[in-house]
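Subject: Model for your review

Hello,

Here is the structure you are taking over, with notes below on what was found in it. Please read the notes next to the coordinates.

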Amino acid sequence: MSKNKGKWLTDQYWVTEFNYLEEVRSQFTLPEDVRIHDATLREAEQTPHVVIKPDEKLRIYEALDDMGVYSIELLPIISSDDREVARELVKMRRAGRKAKVFFLCRWDAKEVDFAVENGADGIVVECPGSPWFGQVVWGLDENGMIERLTKTTVHAKKQGIYTAVMPWEDTKAPVQFLERMFKSVVNEGGADEVTYTDTMGFGLPVTTTYMIRKIREWVPGVRVGMHAHNDFGLATAVMLSAVVGGASTVHTCVNTLGERAGNASTEEVALNVELLLGLDTGVKLDRLYPVSRLVSEITKIPVPSNKPVIGDNEFTYESGMVVDMLLRMSRTERPFSTMPFLPEVIGRKGHKIVLGKMSGGTVIKNKLADLKLTATKEQVSEIVERVKREAIVRKWSIPDELFESIARAVLKS
């Protein structure tokens with residue numbers, strides 16, 4: 001029996017043991033734990049059409065803190081409201097909240113000073129990581145970019161604030177340039193943490209693992225973080241690949257919110273790191289679903305029904321064979337055998353069975369039993385047929401009220 005059985009098989013979920021085979025794990029360079037750095041308070045408003053009011057930002061911070069994220073990030077320079085929110089968040093932190101409050105700063109000493117003066121736990125210094133952007137937008141060559149970023153880092157560290165450096169679009173930069181930049185901000189600037197960014201989300205997972213390992217070689221002993229967007233649908237996979245390479249901080253947003261196609265999803269990354277990699281994130285997984293719904297309501301961005309982890313379809317079943325297996329397994333010591341995990345793991349209650357074109361006799365008999373109705377084998381078959389026909393006409397599932405009407409009509413005939 002695998003010594004990691006408690007990681008892949010518990011009383012709430014059963015994932016593949018293959019993730020924990022020694023032959024597989026020997027290829028990993030995992031950190032001891034993983035910090036979830038949630039950027040929802042910044043990136044959510046970079047989602048097109050989204051505006052979050054100051055009081056709503058405070059409520060989201062409370063929810064993220066209750067959920068157990070390590071730190072949150074916001075951008076105070078956007079407006080006077082955001083600067084006031086930043087101050088309020090620091091007050092909440094000092095009053096006993098645990099989630100650290102990080103301010104995002106551009107490579108500007110004045111923005112660093114604002115963070116220091118207002119008591120931020122730390123800063124994330126952003127700047128272009130691609131020489132192309134440095135030249136076109138700022139008129140800086142490679143040396144000028146490295147000099148400016150290092151100077152800002154030195155300024156921050158002189159004031160004693162925790163400093164994470166996050167050049168963006170690293171995936172479009174020459175490797176040699178990245179090496180020079182990261183070494184400079186750490187060796188000369190004194191940065192506490194460096195973040196590798198895949199701003200457009202097109203680095204393959206294996207590429208991400210390789211680059212995280214290279215960065216850890218360049219600046220040993222410094223925490224390495226990962227920030228990625230979901231334009232190619234790879235953000236969660238990229239985050240796991242970064243952790244496999246040794247990254248110990250992952251930047252995420254609730255509900256995959258963020259610029260364009262969004263950032264890596266907080267709920268997906270936290271659950272994957274915990275269940276599939278077996279590492280501690282400090283996140284209370286049973287808060288994932290409630291927090292997701294809160295953020296969805298506030299941002300007015302609905303969660304797609306087929307969204308991984310927190311979408312409605314995750315625990316909704318229609319197919320006859322699947323429902324039959326689900327009901328059989330529900331009576332065993334492993335009721336989650338036909339699920340990825342029990343709904344309660346992420347803070348949901350139970351599963352939902354709907355009637356439709358794919359429904360079979362088992363679910364029909366169970367629905368009849370709920371109504372305290374009995375039917376012959378032939379009547380069950382007729383009800384199944386009528387349910388399928390009605391679902392085809394409606395191109396959707398059948399509500400319980402209509403099912404009862406169909407069932408009673410068949411039983412009376």
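A cavity here is a set of points on a 1 Å grid, laid over the protein atoms alone, where a 1.4 Å probe fits but cannot get out; lining residues have an atom within 4 Å of a point. Grid points are joined across faces, edges and corners, and a volume is the space filled by probe spheres set on the points.

The model is predicted, so to read it: local features need pLDDT of at least 70, side-chain atom pairs count only at pLDDT 80 or more, and totals for chains, interfaces and linings use all residues. Residues are numbered from 1 along each chain as its sequence is written, and side-chain values use heavy atoms, with hydrogens and water left out.

Cavity

The count comes to one cavity of 30 Å³ or more. The largest cavity holds about 90 Å³ of space. Its lining consists of Arg35, His37, Tyr70, Ser71, Phe102, Val124, Tyr162, Ala164, Glu193, Thr195, Thr249 and His251. At least two residues of this lining come from each of strand 1 (35-38), strand 5, strand 6 and strand 8. Helices (H or I, at least four residues) and strands (E, at least two) are DSSP runs, numbered from the N terminus.

Overall

The protein has 17 helices and 10 strands. Its C-alpha atoms fill a box of roughly 85 × 50 × 40 Å along the principal axes. Of its 413 residues, 51% count as buried; buried means under 20% relative accessible area, exposed over 50%, and partly exposed in between (1.4 Å probe, protein chains only). Taking contacts between residues at least 6 apart in sequence, 70% join residues at least 24 apart, where contact means heavy atoms within 4.5 Å.

Barrel

Eight strands form a closed barrel in the order 1-2-3-4-5-6-7-8, with parallel pairing. From one strand to the next the twist averages 25°. Two strands pair if DSSP finds at least two bridges between them. For angles, axes are lines fitted to C-alpha atoms, for helices over the stretch in contact, and values run from 0 to 180 degrees between N-to-C directions.

Going round the barrel, strand 2 (residues 71-74) pairs with strand 3 (residues 100-106) in the parallel sense over four bridges. Glu73 stands opposite Phe102 of strand 3, and Phe102 is also among the residues lining the largest cavity. Between these strands the chain passes through helix 5 (residues 80-94), in a right-handed β-α-β crossover. Right-handed means that, with the strands pointing away from the viewer, the path from the first strand over the helix to the second runs clockwise. Strand 3 is mostly covered, with five of its seven residues buried.

Strand 3 and strand 4 (residues 122-128) are parallel and share five bridges. Here Cys105 has Val125 of strand 4 as its bridge partner. The link from strand 3 to strand 4 runs through helix 6 (residues 109-117), and this crossover is also right-handed.

Strand 4 then pairs with strand 5 (residues 162-168), parallel, over seven bridges. Ile123 stands opposite Thr163 in strand 5, and Pro128 stands opposite Trp168 in strand 5. On the outer elements, helix 10 (residues 205-218) packs on the sheet and touches strand 6 (193-198) and strand 7 (223-228), its direction making about 150° with that of strand 7. Helix 11 (residues 235-244) also packs on the sheet, touching strand 7 and strand 8 (249-252), at about 170° to the direction of strand 7.Strand 5 is mostly covered too, with five of its seven residues buried. Two bridges join strand 5 to strand 6, and the two run parallel. Ala164 stands opposite Glu193 in strand 6; both residues are in the lining of the largest cavity. Strand 5, helix 9 (residues 175-188) and strand 6 make a right-handed β-α-β unit.

Backbone

Most residues other than glycine have a negative phi. His49 has a positive phi, near 85°. His49 lies in the loop between helix 3 (40-43) and helix 4 (54-67) and is exposed, with a relative accessible area of 82%. Thr256 has a positive phi of about 60°. Thr256 lies in the loop between strand 8 and helix 12 (266-275) and is buried, at a relative accessible area of 15%.

Regards

Definitions and conventions
1 Å grid on protein atoms, 1.4 Å probe; cavity = no way out; pocket = protein on both sides within 12 Å on 5 of 7 lines; lining within 4 Å.
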